[in-house]
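Trainee: Got a minute to look at a model with me? I'd like to start with the ligand.

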Amino acid sequence: MDCTCSKNSIEFYKNFQLQNFNTLKMSSIADIAFFPKSESEMCSIFKMYDKVHILGWGSNTLFSSLGVREPVVITKKMSDISFRKDIVEVEAGASVQKLSVEAYNNSLSGFEFLIGIPASLGGAVAMNAGAHEQSISDTIICARVYDTLEKKVLTFSKDELVFSYRNSIIKQNYPRYVVLSAKFQLQKKDKLEIKKRMDENTEFRKRVQPSLVLPNLGSVFKNPVLPDGEKLSAGMLVDKCGLKGFHIGNAGVWENHGNFVINYHNCTSSDYTNVIKKMYDSVKEKFNIELECEIVYAGQLSEFEDKVWKQLKKN
Ligand SMILES: Cc1cc2nc3c(=O)[nH]c(=O)nc-3n(C[C@H](O)[C@H](O)[C@H](O)COP(=O)(O)OP(=O)(O)OC[C@H]3O[C@@H](n4cnc5c(N)ncnc54)[C@H](O)[C@@H]3O)c2cc1C
């Protein structure tokens, strides 16, 4: 389906500071940022530009300190959530935490794991977000996506989204497909049971993850699986390399868990990249394991960052 909309009505800002639009609080200036409020506004932006950067809640995105030249399209204002019995339809920019609470309010189970994840629905679908033995792919029926190559809206079934651990066809083909909305089938359950699971998840997060008072991007590396099927903790491997508390500039590995890197005070993307390079290199040298990075990079790369991110993306 083609979309039509007058581009004049779309909210946009030039030289836009992204610091409050990513959970690392990275200072980075976008040449131009758009805030579409509807699917048709979003589609009209894609007709104006061949390449854009889609930003949800920025909880997995490292922005370059050198800024972002391509237009940044921020989905936050496309945030409708609508329930029809046990089916819920959600726009790309909706907060997944709000979604989790609204599902609970409707006595629906399947989104308990989303409580505490500071993400948008679109980002969560792209990354196949998951935790506590649940993931986005468990309950999804289909997603409406914009194909920036064919310039049309498509509906992808769950199978066509090709989900795997923190991966999907959206991420695999980035930046070709943009999630506009998605539909999920949840399960009616006792509210007390849902609440209990949400509380347990919140409690667990408090124990093992930094709060956003310490700006971060969640887990840096995926937990590796060895050829014999054994699952390891990336944080434990980094920890065994003695890197908890390791700092470069104003970025450092969290003192309590080796898989989180914190922006302690206005760190640069180069500080952050340097720290994760050290983590990657140390684990490779000590255990001969090549960790796979969960985080996405956006914006202008310095020569050093280009080299490191090419290496990290290879895995
Ligand atoms: C404190 C903390 C805890 C976290 N806990 C978890 C956890 O338990 N489990 C987990 O899986 N992750 C976790 N994360 C990581 C992160 O929240 C997820 O990866 C999340 O899915 C990213 O969503 P976002 O909207 O913030 O994505 P962004 O950072 O905005 O974007 C991430 C990527 O998705 C793309 N994208 C965003 N929106 C769209 C769209 N509409 N269509 C197509 N592509 C899009 C972006 O272009 C980018 O490539 C955590 C992060 C933090 C900071």
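Trainee: How far is the ligand oxygen from an N or O atom in the side chain of serine 59?

Mentor: That distance is 2.6 Å, which fits a polar contact (a pair of N or O atoms within 3.5 Å). Mind that this is a predicted model: local features need pLDDT of at least 70, side-chain atom pairs count only at pLDDT 80 or more, and totals for chains, interfaces and linings use all residues. Residues are numbered from 1 along each chain as its sequence is written, and side-chain values use heavy atoms, without hydrogens and water.

Trainee: And which polar backbone atom is 2.8 Å from a nitrogen atom of the ligand?

Mentor: One that belongs to valine 179.

Trainee: How much of the ligand does the protein bury?

Mentor: The protein buries 96% of the 970 Å² that the ligand exposes when taken alone (Shrake-Rupley method, 1.4 Å probe).

Trainee: Which element gives the largest share of the shell around the ligand?

Mentor: That's α3, with four residues; helices here are DSSP runs (H or I, at least four residues).

Trainee: New topic: which residues touch the most other members in the largest nonpolar core?

Mentor: Phe221, Tyr272, Ile276 and Met279, out of 41 residues. Such a core is a set of buried Ala, Val, Leu, Ile, Met, Phe, Trp, Tyr and Cys residues joined through side-chain atoms within 4.5 Å, where buried means under 20% relative accessible area (1.4 Å probe, protein chains only).

Trainee: Why does this core lie between domain 1 and domain 3?

Mentor: Because domain 1 (7–76) and domain 3 (234–314) both give residues to this core; the bounds come from an automatic or database domain assignment.

Technical notes:
A polar contact is a pair of N or O atoms within 3.5 Å; within protein, one must be able to donate a hydrogen and the other to accept it, and residues adjacent in sequence count only if both atoms are side-chain atoms. Helices (H or I, at least four residues) and strands (E, at least two) are DSSP runs, numbered from the N terminus. Buried means under 20% relative accessible area, exposed over 50%, partly exposed in between (1.4 Å probe, protein chains only).
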